Amino acid sequence: MCRPVKAARSEAESPAAIPPRTAPAPRERCFHCATPCPPDAPEQDGRRFCCRGCLAVYQVLTNNGLGHFYDLGQGAGVRVKEEPASGGRWDYLDDPGVRDRLLDFREGNLARVTLHVPAMHCVACVWLLENLFRLREGIGSSEVNFPRREVSILFDLAKVPLSGVVALLDSLGYPPVLRLDAVEGRRARPSFKRLYLQLGVAGFAFGNTMLFSFPAYLGLEPTAAAGLSRFFGWLSMALAVPVVLFSAADYWKAAWQAVRRRVLTIDFPIALGLAALFGRSAWEVMAGAGPGYFDSLTGLVFFLLCGRLFQQKSYERLSFDRDYRAFFPMAVTRRRGDGEETVPVSRVKVGDRLIIRHRELLPADARLVRGRGLLDYSFVTGESAPVEKRAGDLLYAGGRQMGTAVEVEVLRPVAQSYLASLWSREEVARPRSGGWAGITDRVSRWFTVTVVGVALAAAAWWAGRGQWGVGLWAFTAVLIVACPCALALAAPFAHGAAQRRLGLAGVFLRSADVVEALARVDMVVFDKTGTLTAPGQEETVWEGDELTVAERRAVAALAGQSAHPLARAMVRAVGRIERRIEVAAFHEEPGFGLSGEVDGHRWCLGSAAWLRRNGVPAPVGGVADQAEVWCAVNGRLLGRWRFRGRLRPESAPVLRAWRQAGMRLALLSGDQARERDRFAPLFGPDAEMLFEQTPAAKLEQVRRWREEGRVVMMVGDGLNDAGALRASDVGVAVTAGPGEFSPASDVILEGGRLDRLPAAWRLARSTTRLVRASIGVSLVYNAVGISLAAQGLLAPWICAVLMPLSSVSVIALAVGGVRWAAARLGLPTAHAISPETSTLEAVAV
Amino acid sequence: MSALYFLIPVSLLVAVVFLGWFIWAVRSGQYEDTSTPALRMLADEEAEPGAAPRVTDPTPKQEKRE
């Protein structure tokens, strides 16, 4: 019997939506992790827990005297999501080759390891991780670095192996993230020690020499206490020597390299000015001719170092530099004889047989030997539907196996897989900074030439008059007064201030000079899946008669057997499975659908063709723009679901804002052109929308636009469009939280806050204008000062005051101006934690 | 006035001692992480062996995402 399908209605009549789940009665929350408890939740000591995992952790903590954990943060525990892995999962860590690369140091049996634990999120976590020694004999002290989400553990190798330490963390709900790049030795952890020391010495000298210069500032005649005046001069010189030798060392090096490469960067005039200052001041002191300008010298070095620190202190939590190795697991299961062993990925050789289980990532190009391959390549191609592979098929690295375990034979070494080749293409491997000269370097080039020219001309002019003394004085005075400090300070301080304000708004820049690139952007390219649409959420529309509760449960039970994303979407749409429901005779035909028996009824879920194949009269020809799943029971058609990626709420307003700003837009998507009509009105008629783009094609397209002369900003989710992100002028990765994975990109947008991008762009433009203004102001300073100096008219006290004054005023103008611009754009002044980022657990796909 | 010839170097010496402490602090890594100590301060109580949590309310007030 054929039930008429109501789906033949037109869009005008709204289809019946699935009745909303009645809100459950407020359930108790787990004492450990604060998620709501199901009805049959375990209980102990009068407290409820959501699962056995949480209960287990509770027991461990209370039995070892660590109950204070719950006083520090109620419900602060991390939910232990998966079953504790069968023993042996961490065994590969005891392999000396692997272990010794992971350890920070080792002396006899004493070892220390630093592990990245993104799951820590609060005071209670920090406290617990620093009290690990109470839980396992052999573990000594441990120290947490919260901004980096790292814990350093000291332990005795004789009593507990490294695998034991990691297993302990895992069992508490704090699994360390062990990625390939940690073992392969790219541990770039910036240490600012040297910079702090240089800053400290310079600041110390600056403060003290300023005190010694007070008489000069006040214009007191040295004749009153000439001896003291000379004494102060010598003291100032003594203080300035370590500054010149140590604090300013990097400038000498950079200037020397600039000379050798014949490129004039900002460091050259700085070095020249410092040398002139020191030389002139030392001469004055030694000849008894005056107090010198050591306060200006040390002050200039101090401010320059402040600017550098400001610029380099990017957010420690974020790691912008990850390549494919950051995504790959460290170890994989390899078949050896009749058994299996867990080996580090670096040991995998061509010809090895690997066993890839459910949700594991394939680390190398391989051929499928046994099992049914269902590989999710969303990481590589962006397509969400898994690809079915049969024995003998070629599998590319980067695919995630969904379903039962498969056995594969490795064809190419890990580093030579297709994925790695994508990452190492020329555009991708190019270092990000240094693509084009910043404004500072451009100005400094002609600035240096001009200043040196004027100085030489002045000296020559006076020398021509026979007044060598005045000539020498004029020469050094010009070099001193022509303060490059504004040039050197305006850009770093303004960009640094902008970077900080944007960070507060959830827009994290890799470094301060991204601000400059951001300001020049005139084209914005969007990825579709995961960027404009929210990942893992879809709009679901049910067309058909209302399903009873029993029917919905049956559908959920059946769909829950499959790992296909549409099946998972159906489970989400229909409601969680509350009771264990037996499904008999389950059969899944990849690309078509599922069938099975529940309570004696035969269910069929899938495409129309699948239903027809099973004897259900389903209509031919579906709506082209949406994924759909038909449903039938006992040969009777019930209806269908239609799924559509849900747009992020910010997407439409952001696109409108960009269009109003006159920005050129484009869309690059790996999916089929199903949704062109949906996005066309948002993007407008001038935008280019390209579909079915592979990652390589996206990269090529971005390159082509750049060759047309456009400055391209690419916005993507950072996974399969990583190549395109890197190839663009500014790559923006949209992630759920700052602790998330993101490959090399210039900007990370926290919590998917697309709406912050236009404001960020405007702030970048304001900052650039501000920097130009600061440089302009300082050029005025310099013009006045140089003209006076060239004529030999400059009184010493003017020189002494002008330099620190100009430095401070430039900094104040830069930072204050950026703050004002940011306030005008409505950017927040404090870090607001959006609900999506309140926990930093890595988001499961 | 001539006392200054003595006093200034002495005060400079005292200042240098402080600079030395600063250098020591930087080199021993105290500036590596300036935010975790703030968190640690909030949890300064020692764990008592065998103690149960003092919180008696079984329903945590903190809202958490499911």
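Colleague: Starting with chain B, how many helices and strands does it have?

Modeller: Chain B has two helices and zero strands. Helices (H or I, at least four residues) and strands (E, at least two) are DSSP runs, numbered from the N terminus. This is a predicted model, where local features need pLDDT of at least 70, side-chain atom pairs count only at pLDDT 80 or more, and totals for chains, interfaces and linings use all residues. Residues are numbered from 1 along each chain as its sequence is written, chains are lettered from A and ligands numbered from 1 in the order in which they are written, and side-chain values use heavy atoms, with hydrogens and water left out.

Colleague: What share of chain B is buried?

Modeller: Of the 66 residues in chain B, 21% are buried. Buried means under 20% relative accessible area, exposed over 50%, and partly exposed in between (1.4 Å probe, protein chains only).

Colleague: And how much area does chain B expose?

Modeller: About 5,000 Å², with carbon and sulfur atoms supplying 65% of it. Accessible areas come from the Shrake-Rupley method with a 1.4 Å probe, and for residues only the protein chains shown count as cover.

Colleague: Which residues make the nonpolar surface patch there?

Modeller: Phe6(B), Leu7(B), Val10(B), Val14(B), Val17(B), Phe18(B), Trp21(B) and Trp24(B) make a patch of about 880 Å². Patches are made of residues with over 30% relative accessible area and no salt bridge; like charges are joined within 9 Å, nonpolar side chains (Val, Leu, Ile, Met, Phe, Trp, Tyr) within 5 Å. Trp21(B) sits in helix α1 of chain B, residues 4-27, and counts as exposed because its relative accessibility is 53%.

Colleague: Switching to chain A: how do α7 and α9 pack?

Modeller: Helix α7 (residues 193-212) and helix α9 (residues 226-247) of chain A pack at an angle of about 165 degrees, with their axes 9 Å apart. That makes α7(A) roughly antiparallel to α9(A). For the wording, angles under 35 degrees count as roughly parallel, over 145 as roughly antiparallel, 65 to 115 as roughly perpendicular and the rest as oblique. Axes are lines fitted to C-alpha atoms, for helices over the stretch in contact, and angles run from 0 to 180 degrees between N-to-C directions.

Colleague: Is the crossing of α7(A) and α9(A) left-handed or right-handed?

Modeller: Left-handed. That term applies if the near helix is turned anticlockwise from the far one by less than a right angle, and right-handed if clockwise.

Colleague: What about α5(A), is it enclosed or exposed?

Modeller: Helix α5 of chain A (residues 162-172) is largely enclosed by the rest of the structure, because nine of its 11 residues are buried. Among them are Leu162(A), Val165(A) and Asp170(A). Just after α5(A), Gly173(A) takes a positive phi of about 100 degrees.

Colleague: Which residues other than glycine have a positive phi?

Modeller: Asp45(A) is one of them, with phi near 55 degrees; Asp599(A) also has phi near 55 degrees. Most residues other than glycine have a negative phi. Asp45(A) is in the loop between β1 (43-44) and β2 (47-48) of chain A, and Asp599(A) is in the loop between β20 (593-598) and β21 (601-606) of chain A. Asp45(A) is exposed at 54% relative accessible area, and Asp599(A) is exposed at 67%.

Colleague: How many salt bridges does the structure hold?

Modeller: There are 23 over all chains. A salt bridge is a side-chain nitrogen of Lys or Arg within 4 Å of a carboxyl oxygen of Asp or Glu. Glu407(A) and Arg370(A) form one of them, at 3.5 Å, N to O. Since Glu407(A) lies in strand β15 (residues 406-410) and Arg370(A) in strand β10 (residues 366-370) of chain A, the pair ties together parts that are 37 residues apart in sequence.

Colleague: Which of that pair is buried, and which is partly exposed?

Modeller: Glu407(A) is buried at 4% relative accessibility, while Arg370(A) is partly exposed at 49%. Both belong to a network of salt bridges that links Arg335(A), Arg353(A), Arg367(A), Arg370(A), Glu407(A) and Glu409(A).

Colleague: What other side chains meet in a salt bridge?

Modeller: Arg99(A) meets Asp100(A) at 3.5 Å, and Asp104(A) meets Arg112(A) at 3.4 Å, both N to O. Arg99(A) is buried at 14% relative accessible area, whereas Asp100(A) is partly exposed at 41%.
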